[in-house]
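Here is a short tour of a helix packing and an aromatic pair. Please have the sequence and the model open as you read.

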Amino acid sequence: LSTKASTAELQSAAVEEIQKYGEQVILHRLNVDQLREICCDLRIKGYTNTSSKKILVESILTHTDIQKRQVKRTKVTKKVAINKATEPAQLAQHYKAMDLEAWCRDNGLKTSGTKKVLVARIIAYNNGEEENDEENVMTTVNKTKPKRASLPAKKNTSKKTKKPEPEPEPEPEEDEEDEEETQEMVE
């Protein structure tokens, strides 16, 4: 809507938004089977492809078909001996971290770090890198991750200063008459 829309246009747009929101609220209260039944009645294709209430509600509100979800498949590699591995996937898919640690220990490499770090350390060793210290391994693991820029430390710019506390006033000395009166009351 434009900024110069009439009151009637604004009212109809508001009513439409309220109805849309109401439909969402009502539809989200239904279970997946009920939503699938509604999709079937509306002849929405692909409602059996999902069990997500959000996707089903969206397709009901927009009257659009549900697309089949693309499954991301990882490349399965053949199991290779640890000392012959050239790709991280060859180790990560077929060996447990404790197996990799044992191999590192037997070959004089550091055994600290996550499985990802161990894999990178072993690949670097297999590729003939002589300096196999933690810094080189970490740069190999984190090649694609950009480093965060460090922010300068904030200076305390508040102008509030502590005011010195006022000294307590000395208690007034009691007169001799007051002392005599308190002694008489005590007796």
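The report below takes the helix packing and then the aromatic pair.

This is a predicted model, in which local features need pLDDT of at least 70, side-chain atom pairs count only at pLDDT 80 or more, and totals for chains, interfaces and linings use all residues. Residues are numbered from 1 along each chain as its sequence is written, and side-chain values use heavy atoms, with hydrogens and water left out.

Let us begin with the helices, which are DSSP runs of H or I with at least four residues, numbered from the N terminus. The axes of α1 (residues 7-28) and α3 (residues 53-62) come within 10 Å of each other and cross at roughly 140°. That makes α1 oblique to α3 (neither under 35 degrees, nor over 145, nor 65 to 115). From α1, Glu23, Gln24, Leu27 and His28 make the contact, meeting Lys53, Lys54, Val57, Ile60 and Leu61 of α3 (heavy atoms within 4.5 Å).

Next comes the aromatic pair, the one such pair that the structure holds. Trp103 and Tyr125 are edge-to-face, at 5.7 Å centre to centre with 75° between the planes (ring centres within 6.5 Å for a pair, planes over 60 degrees apart for edge-to-face). The two residues are 22 residues apart and link distant parts of the chain. The table gives their helices and accessibility; buried means under 20% relative accessible area, exposed over 50%, and partly exposed in between, with a 1.4 Å probe and protein chains only.

| Residue | Helix | Relative accessibility |
|---|---|---|
| Trp103 | α5 (residues 97-106) | 14%, buried |
| Tyr125 | α6 (residues 115-126) | 34%, partly exposed |

Terms used
Axes fitted to C-alpha atoms, helices over the stretch in contact; angles between N-to-C directions. Phe/Tyr/Trp six-rings, centres within 6.5 Å; stacked < 30°, edge-to-face > 60°.
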